[in-house]
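Welcome, and thanks for taking a look at this one with us. Please have the sequence and the model open side by side as you read.

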Amino acid sequence: MKPTLKPVDLVFTSDQYARLHAHLFQPDDDEQAAYAFVTPADGTDALRLLVHHIITLQPDDFIQQSGVYLEVQPGIAAQIAAHAIEGAYGLVEIHSHPFADAEVAFSETDTEYALPRFRWFAEQVARDGDPRPFHHIMLVFGVNSADSLVYDRASDAMIPARRVIVLEAPLRVLPVRAYTADTAPDAEYTTRTSRQVAAFGAEGQRRLAALKVGIVGLGGIGSLVANELALLGVRHFVLVDADRVDATNLNRFVGGTYADVEAQARKIDVIARAIVGIDPGARVELIAEALPSERATAALRDVDLLFGCTDTHGSRLLLNTISAQYLLPYIDIGVGIFSDTDGRITEAGGQYRVLLPGRFCMTCIDAIDPDQAMRDLLPPDIRAEHQRRGYIPNEEVPAPSVIFLNAVMASLAVGEMLNLIAPYREQVGILYYFMPTQELRRVEAGRRADCVVCGAGGVIARGDLDAPPGVARTGSAVPQA
C-alpha cells in the first residue's frame, strides 16, 4: 500500500533548536538523545508538526551511551510514551550523530528496530481510544543536517519527512536527506528570474519558488505585496479577503480597473488574475471570507509565511494568535495619515513587524488595543445594537490613503521577507517610517514571559489541539481576546 501522509514538516522555534543543538552536540562527542512533543497543523498541502516542548535525556537515562550507540532505559521510554498519549501530543524521537556535519543518515541500527517499535506504539495509542491521529517520528541530527522518518500507519511503513524548519532570522530550513520532490522550474520561470539570481543567488531563488505565502487583506497594501511577490518569483499563494472592488479603491488597489468596479469583482479574483498574468505557473488559492473564519485558518495553517495587510485591531489580534498557535512567521504591515481640517497632512508614516513565534508577538509589544479589537470582532447584529445605543460610532469615517505610502511600506516589508529567505544584511524585527522627515527607525523587542498569547500558558504551538482563533469547534465565529 502506498503511503497516505502529506509531506511532513517539523517546526522548531529558534530557542528550542538552540537548546536542543547544544544538548545534542557536547564536547565529549557522545551521541545524545531527546524527545520532542508535537502538535499537528494539518493543512491543505502539508502536515506541519509543531514542537510544543522538549525533554532532553541525561546520562542516567541510558543503559549504554557512546559516540556511535545509545540505548535508553525502558522505564524512561515508558514515561515518555505515557506523557505523549496523555497530552494528545505526537512524539519525535531525536538523537545525534556527532561525527556527521553537512549530511547525516540513519544507521542500520537506527532503522532495524524502528518499524516494529513504531507499529507497537501505534497499537497502544489505538487501544487508548483517542480518535485523533497519532504522529510518531524519528529524527537524527548532524551538526548542520537532518534526516527524519515518519510512521505511516495506513501503509505500515516509515517514510521520509520533508523538512526541518527553525524559526530564526534568517529562516533555517534543513531538507531531509531521503525526501525527493520535483521542484525544477520551467524555462520561462528561469528566464524571467535570471536578473534576480544574479543579485541573490540560485539557492535564494529556489527557496522563493518553493514558498507558500498567505496574504490576509488584499487592499492598498496587500495588492502591492501580492504583485511584488509574484514578480520576485513566489509561486504559491493563499489570498484571504471578502471585499469587492469599489471606485474608492482605484487610487491604491494595484491591478483593479473600472471594469472590475462595474462587475463588482472580488479583490482576490483581481489579484489572482494579476499573479497568473505575471507567472502562468503560479498556484493561487482563494478564500473570499473575512477573519475569523475556520476555512481561512485551515487554508493558512501550512503556509511558510503569512502577511497581514489589514487595518483593524481585531484582524491583527486574530492574525497574531494564528501566527503563535500554528508557528507561522508573520509580517504585519500598517500605514496611517492624519490631516487637519484644511486637508494638510500633519502626520504620516507606517511600520512593519516581523514576528517569528518564540521571539515576540504583537501582544508582547502592546501593538493591539484589546478593547478596540473586541469592538472590531463583534457580530454584525450585536455591533448594530451597540451603535444604536451609542456605545460605538454609527459611521465609519474612511481613513486617508495614498498609493506611494502604501508602496513604501509594502516594498520595505517584502524586502525584509527576502532577507529572511536569502539573507543579505542584519535582520530587522520592527521598522517605523516617518513620511514628513523621511526617517526610518529600527526598534528592538523581546518576548514577555507572561504573554497571554506566546507565553508558557498561551496558545503557542497548540496547533490543531485548540480551535482556530475566533472560531468555535462548531464553526460559529466568536470574539476572543
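Which residues line the second largest cavity? Its lining is made up of Ala-169, Val-354, Arg-359, Glu-416, Leu-420, Gln-427, Val-428 and Gly-429.

## Ground rules

This is a predicted model, in which local features need pLDDT of at least 70 and side-chain atom pairs count only at pLDDT 80 or more, while totals for chains, interfaces and linings use all residues. Residues are numbered from 1 along each chain as its sequence is written, and side-chain values use heavy atoms, with hydrogens and water left out.

## Two cavities

The structure holds 2 cavities of 30 Å³ or more. A cavity here is a set of points, on a 1 Å grid over the protein atoms alone, where a 1.4 Å probe fits but cannot get out, and lining residues have an atom within 4 Å of a point. Grid points are joined across faces, edges and corners, and the volume is the space filled by probe spheres set on the points.

The largest cavity encloses about 50 Å³. Around it you will find Asn-320, Ser-323, Ala-324, Leu-355, Leu-356, Pro-357, Gly-358, Phe-360, Cys-361 and Cys-454. By class, this lining has 7 nonpolar, 3 polar and no charged residues (Ala, Val, Leu, Ile, Met, Phe, Trp, Tyr, Cys and Pro count as nonpolar, Asp, Glu, Lys and Arg as charged, and the others, Gly among them, as polar). The second largest cavity has a volume of about 40 Å³, and its lining divides into 4 nonpolar, 2 polar and 2 charged residues.

## Helix 12

Helix 12 (residues 313–325) gives the most to the lining of the largest cavity, with 3 residues. Helices (H or I, at least four residues) and strands (E, at least two) are DSSP runs, numbered from the N terminus. From its first C-alpha to its last, helix 12 reaches 18 Å with its 13 residues, close to the 18 Å expected at 1.5 Å a residue; the expected span is 1.5 Å times one less than the number of residues.

Why is helix 12 described as largely enclosed by the rest of the structure? The reason is that 12 of its 13 residues are buried, where buried means under 20% relative accessible area, exposed over 50%, and partly exposed in between (1.4 Å probe, protein chains only). Among the buried ones are Asn-320, Ser-323 and Ala-324, which also appear in the lining of the largest cavity. Just after helix 12, Leu-327 takes a positive phi of about 50°.

## Salt bridges

A salt bridge is counted when a side-chain nitrogen of Lys or Arg lies within 4 Å of a carboxyl oxygen of Asp or Glu. By this rule there are 31 salt bridges. One of them joins the side chains of Lys-212 and Asp-302 (2.7 Å, N to O). Lys-212 lies in strand 12 (residues 212–216) and Asp-302 in the loop between helix 11 (294–300) and strand 15 (305–308), so the pair ties together parts that are 90 residues apart in sequence. Both Lys-212 and Asp-302 are buried, and they belong to a salt-bridge network with Asp-45, Arg-283 and Glu-285.

Asp-279 and Arg-235 form another salt bridge, at 2.8 Å, N to O. This pair links distant parts of the chain, 44 residues apart: Asp-279 is in the loop between helix 10 (267–278) and strand 14 (283–287), and Arg-235 in the loop between helix 8 (222–232) and strand 13 (236–240). Asp-279 counts as buried at 3% relative accessibility, as does Arg-235 at 14%.

Glu-416, from the lining of the second largest cavity, meets Arg-425 in a salt bridge (2.6 Å, N to O). Here Arg-425 is partly exposed at 36% relative accessibility, whereas Glu-416 is buried at 0%.

## Aromatic pairs

Rings of Phe, Tyr and Trp (its six-membered ring) pair if their centres lie within 6.5 Å; planes under 30 degrees apart count as stacked, over 60 as edge-to-face and the rest as tilted. The whole structure has 7 aromatic pairs. Phe-12 and Phe-141 form an edge-to-face pair, 6.3 Å centre to centre with 65° between the planes. Phe-12 sits in strand 1 (residues 8–13) and Phe-141 in strand 7 (residues 136–142), 129 residues apart. Both Phe-12 and Phe-141 are buried.

Phe-118 and Tyr-151 are also edge-to-face, at 6.4 Å centre to centre and 70° between the planes. They connect helix 4 (residues 114–128), home of Phe-118, with strand 8 (residues 145–152), home of Tyr-151, across 33 residues. Phe-118 is buried at 0% relative accessibility, and Tyr-151 is buried at 9%. Finally, ring pairs link Phe-12, Tyr-17 and Phe-141 into a cluster.

Definitions and conventions:
On a 1 Å grid over the protein atoms alone, a cavity is a set of points where a 1.4 Å probe fits but cannot get out, and a pocket is an open set with protein on both sides within 12 Å along at least five of seven lines; lining residues have an atom within 4 Å of a point.
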